[in-house]
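Me: I've got a protein model open and I'd like to go through it with you bit by bit. Can we take it as a chat, one question at a time?

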Amino acid sequence: MSKIVTIERFIFEHQPDYARGEFTNLLYDIALSAKIISQKTNRAGLTEILGQAGSVNIQGEDQQKLDVYADEIIFKLNDHTGRLCVMASEEREDIIGIPEPYKKGSYVLVYDPLDGSSNIDVNVSIGTIFGIYRCREYDKRGRIEDILQPARRLVGAGYVLYGSSTMLVYTTGTGVHGFTLNPELGEFLLSHENMVLPDPPSYFSVNHAYYSKWEKPVQAYTDWLQGPESPKMSSRYIGSLVADFHRNLLRGGVFYYPGEINKPEGKIRLLYEAGPLALLIDQAGGYASNGCKPILDVEIESLHQRTPFFIGNRSLVHQAEMFFQQYSGK
Ligand code: AHG
Ligand code: MN
Ligand code: MN
């Protein structure tokens, strides 16, 4: 029988030297949130939970009930543990302080509770994305400065994919590791140790419907991806970032969500989406860019800042940067 490694065991055996209990337990708490959200999303079609909650989030999008639920679960499982000094969620306008009288801890949690929520009603894979920073001043309760740190300072990042099975994939800076939820046991079991981006890549992923709205370099890059000069790839696009990212991590490729002529900042959020995935891809041997510089080094000025986003095999993302450079002088 092959060795069965639970996520608890793996996290414990691979925790960074500085981790001691706090960081390790934070990862357990995230895994527990993932199990609870997974249980709920799996039953989404069975309950009256489908549909709009009737409220509109800070991004100006309709919130679905599961977004609200997932946000609440992550908050509730982490507000009282003494491990965090502050949180920020894609679904909330402001930073989320640790309520009194709970003790504050040394870490910062940023999260997109439910990614790809437009896919809930059509039973297509969705996900959760998270990032962990250290707080900047340990004696203070969490402040906005603790949240607005470039992704290079993340000490952990990961995502949960609620797909044909539920998977949790994370990094703490020593490789990318994937776990599959065994629903009978209620345990995440190690299924993908040390994930590395395959080369040659298989897929490019973009919402092609926006072609006419893109700047020239993005159009030229898209043409290049389909032409004879690029590696031979197929096109795949789900519209759930976590699911698109996960497929490309396993098969190799590039996902991009560029800016548009009238919306140069694009759609993807730097703090909750691009940043954590940038750390993961870096650890898997790939690269993430905003078209000019590494996502890991982009300065973050506001909680809900958006960014153009290119992520995947290093050579494919570099090629995108080259098209931007080439057109910048024109
Ligand atoms: P969210 O559901 O967290 O708001 O994120 C949706 C994002 C992302 O998951 C996906 O890559 C992108 O929206 C798809 O957008 P388009 O429908 O414009 O392609
Ligand atoms: Mn999202
Ligand atoms: Mn979301």
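**Charged pairs, metals and cores**

Reply: Sure, and keep in mind that this is a predicted model. Let's begin with a charged pair: E137 and R143 form a salt bridge through their side chains, with N to O at 3.6 Å.

Me: Is E137 buried or exposed, or something in between?
Reply: To count as buried, a residue has to be under 20% relative accessible area, and exposed means over 50%. E137 comes out at 34% relative accessibility. That puts E137 in the class called partly exposed.

Me: Which residue forms a salt bridge with R143 at 3.8 Å?
Reply: R143 itself is partly exposed, at 21% relative accessibility. The partner at 3.8 Å, taken between the closest N and O atoms, counts as buried, with 0% relative accessibility. That partner is D146.

Me: Which residues are joined into one network by salt bridges that share partners?
Reply: The structure has 14 salt bridges. Some of them share partners, and that joins residues into one network. Its members are D71, E72, K76 and R92.

Me: How many residues apart are D29 and R83, which meet in a salt bridge?
Reply: Their side chains meet at 2.4 Å, N to O. D29 is in helix α2 (residues 20-42), while R83 is in the loop between α3 (65-78) and β3, so the salt bridge links distant parts of the chain. Both ends are buried, D29 with a relative accessible area of 14% and R83 with 17%. Along the chain, the separation is 54 residues.

Me: Now the metals. Which residues coordinate the manganese ion (ligand 3)?
Reply: The donors sit at 2.2 to 2.4 Å from the ion. In sequence they are spaced E-x21-D-x1-L. Two of them use side-chain atoms labelled OE and OD, and another uses O. They are E90, D112 and L114.

Me: How many residues apart in sequence are the parts that E90 and D112 tie together?
Reply: E90 lies in the loop between β3 (84-89) and β4 (96-97), whereas D112 is in strand β5 (residues 107-115). Both residues are buried. Because the pair sits in those two places, it ties together parts whose separation in sequence is 22 residues.

Me: What is the distance between the manganese ion (ligand 2) and the manganese ion (ligand 3)?
Reply: The manganese ion (ligand 2) is coordinated by D112, D115 and E273, at 1.9 to 2.2 Å. D112 coordinates the manganese ion (ligand 3) too, and so bridges the pair. The two ions lie apart by 3.7 Å.

Me: Where do D115 and E273 lie?
Reply: Both are buried, and the donors of the manganese ion (ligand 2) are spaced D-x2-D-x157-E. The pair ties together parts that are 158 residues apart in sequence, because D115 and E273 lie in strand β5 and helix α7.

Me: How far apart are the centres of domain 1 and domain 2?
Reply: The domain assignment gives domain 1 as 7-192 and domain 2 as 203-328. Their contact takes 48 residues from domain 1 and 33 residues from domain 2. Taken over C-alpha atoms, the centres are separated by 23 Å.

Me: Why does the largest nonpolar core lie between the domains, and which helix gives the largest share of this core?
Reply: The core has 46 residues, and I147, Y159, L249, L271, L277 and F309 touch the most other members. Domain 1 and domain 2 both give residues to this core, so it lies between them. The largest share is nine residues, and it comes from helix α7.

Me: Which residues are in contact with L249, leaving aside neighbours within four places in sequence?
Reply: L249 is one of the core residues that touch the most other members. Its contacts include Y159, which is on that list as well. The full set is Y159, V169, V176, M195, V196, L197, P198 and A284.

Me: Last one: how many disulfides does a search of the whole structure find?
Reply: A disulfide needs two cysteine sulfur atoms within 2.5 Å. The sulfur of C135, a buried residue at 5% relative accessibility, has its closest cysteine sulfur in C85, and at 3.7 Å that is too far for a bond. C292, by contrast, is exposed, at 64% relative accessibility. The number of disulfides found is zero.

Technical notes
Residues are numbered from 1 along each chain as its sequence is written. Chains are lettered from A and ligands numbered from 1 in the order in which they are written. This is a predicted model: local features need pLDDT of at least 70, side-chain atom pairs count only at pLDDT 80 or more; totals for chains, interfaces and linings use all residues. Side-chain values use heavy atoms; hydrogens and water are left out. Donors are N, O and S atoms within 2.8 Å of the metal (3.2 Å for Na, K and Ca); water is not among the atoms, so sites may look incomplete. Helices (H or I, at least four residues) and strands (E, at least two) are DSSP runs, numbered from the N terminus. Buried means under 20% relative accessible area, exposed over 50%, partly exposed in between (1.4 Å probe, protein chains only). A nonpolar core is a set of buried Ala, Val, Leu, Ile, Met, Phe, Trp, Tyr and Cys residues joined through side-chain atoms within 4.5 Å. Domain bounds come from an automatic or database domain assignment. Contact means heavy atoms within 4.5 Å. A salt bridge is a side-chain nitrogen of Lys or Arg within 4 Å of a carboxyl oxygen of Asp or Glu.
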